[in-house]
Structure formats: C-alpha cells, structure tokens
Amino acid sequence: MITIEKFVFSPFSENTYVLYDLTSECIIVDPGCYDRQEEKILVEFIQAKMLKPVRQIFTHCHVDHIFGANFIFKSYKLKP
C-alpha cells in the first residue's frame, strides 16, 4: 500500500507530496519548498519516517512546483 503525505509550501500554497510504501523508498512529487524552513519540514518528515528518497517527479514545471528541485537534488542526489 502506498502512503501519501501532503505539504503546502511557498507563497503560492503549492502542494508537495511524498509517496512511500513498506520498502521505505519514497518519491517526492512537485518539490515546492521555497525557503529553508520549508526544506527543513520536508527533510525532518523524511528522516522521522526513515525514508529513502529514490526519485523526484514533477506534474508540470510551473515555478511553484520546482522551487525545491535543486535542494532535493543536492540533498538526495535525485535527478528529475
């Protein structure tokens, strides 16, 4: 079963999702983290659940959906 966690980030109130299952691997969808506090919220959730990010994906490339793409890449070495 896949679990979905939703975060609302940025001044645009963009939805970011973390999808994960019993393997503890996760996918980050539309990483819209706009500032350090939002990045911290996402990282702390991933750490608390002991997840291993394996991919970041984008539903589309509007700026609010990709604010955190570089942060995710640098933190977890995930390419889009």
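User: Before we start, what relative accessible area counts as buried, exposed or partly exposed here?
Analyst: Buried means under 20% relative accessible area, exposed means over 50%, and partly exposed is in between. Keep in mind that this is a predicted model.

User: OK. Is Arg-36 buried or exposed, then?
Analyst: Exposed. Its relative accessibility is 67%, so Arg-36 is over the 50% cut-off.

User: Which residue does Arg-36 form a salt bridge with?
Analyst: Glu-39. The closest N and O atoms of the two are 3.1 Å apart.

User: How are Arg-36 and Glu-39 placed in helix 1?
Analyst: They sit 3 residues apart in helix 1, so about one helical turn separates them. Glu-39 counts as buried, because its relative accessibility is 11%.

User: How many salt bridges does the count come to?
Analyst: 2. Besides Arg-36 with Glu-39, there is a salt bridge between Lys-40 and Glu-44, at 3.8 Å from N to O. Those two are 4 residues apart in helix 1, again about one helical turn. Both count as partly exposed: Glu-44 at 40% relative accessibility, Lys-40 at 44%.

User: What about Glu-38, buried or exposed?
Analyst: Buried, and without a salt bridge. The nearest side chain of opposite charge is Arg-36, 11 Å away. Glu-38 also belongs to helix 1.

User: Which backbone nitrogen lies 2.6 Å from a polar atom of its side chain?
Analyst: That of Tyr-34.

User: And which residues is Glu-38 in contact with, leaving aside neighbours within four places in sequence?
Analyst: Phe-9, Ser-10, Gly-32 and Cys-33.

User: Switching to the largest nonpolar core. Which members touch the most other members?
Analyst: Val-18, Leu-42, Phe-45 and Leu-51, out of 15 residues in that core. Strands 1, 2 and 3 each supply at least two of its residues, as do helix 1 and helix 3. Helix 1 gives the most, with 4 residues.

User: What does Leu-51 touch, not counting residues up to four places away in sequence?
Analyst: Val-18, Tyr-20, Ser-24, Cys-26, Phe-45 and Ile-46.

User: And where is Met-50?
Analyst: Met-50 is in the loop between helix 1 and strand 4. Its relative accessible area is 68%, so Met-50 is exposed. Its C-alpha is 6.8 Å from that of Ser-24, although the two are 26 residues apart in sequence.

User: Aromatics next. How many aromatic pairs does a search of the whole structure find?
Analyst: 5. In one of them, the ring centres of Phe-7 and Phe-45 are 5.3 Å apart with the planes at 75°, so that pair is edge-to-face. Phe-7 is in strand 1 and Phe-45 in helix 1, so the pair ties together parts 38 residues apart in sequence. Both residues are buried.

User: What about Tyr-34 and Phe-67?
Analyst: They form an edge-to-face pair, 4.8 Å centre to centre with 70° between the planes. Tyr-34 lies in the loop between strand 3 and helix 1, and Phe-67 in the loop between helix 2 and helix 3, so this pair ties together parts 33 residues apart in sequence. Tyr-34 is partly exposed at 47% relative accessibility, and Phe-67 is partly exposed at 27%.

User: Last one. Which residues form one aromatic cluster?
Analyst: Phe-7, Phe-9, Tyr-20 and Phe-45. Two names recur from earlier: Phe-9 is in contact with Glu-38, and Tyr-20 is touched by Leu-51.

Notes. Residues are numbered from 1 along each chain as its sequence is written. This is a predicted model: local features need pLDDT of at least 70, side-chain atom pairs count only at pLDDT 80 or more; totals for chains, interfaces and linings use all residues. Side-chain values use heavy atoms; hydrogens and water are left out. A nonpolar core is a set of buried Ala, Val, Leu, Ile, Met, Phe, Trp, Tyr and Cys residues joined through side-chain atoms within 4.5 Å. Buried means under 20% relative accessible area, exposed over 50%, partly exposed in between (1.4 Å probe, protein chains only). Contact means heavy atoms within 4.5 Å. Lys and Arg count as positive and Asp and Glu as negative; His and the chain ends are not counted. A salt bridge is a side-chain nitrogen of Lys or Arg within 4 Å of a carboxyl oxygen of Asp or Glu. A polar contact is a pair of N or O atoms within 3.5 Å; within protein, one must be able to donate a hydrogen and the other to accept it, and residues adjacent in sequence count only if both atoms are side-chain atoms. Rings of Phe, Tyr and Trp (its six-membered ring) pair if their centres lie within 6.5 Å; planes under 30 degrees apart count as stacked, over 60 as edge-to-face and the rest as tilted.
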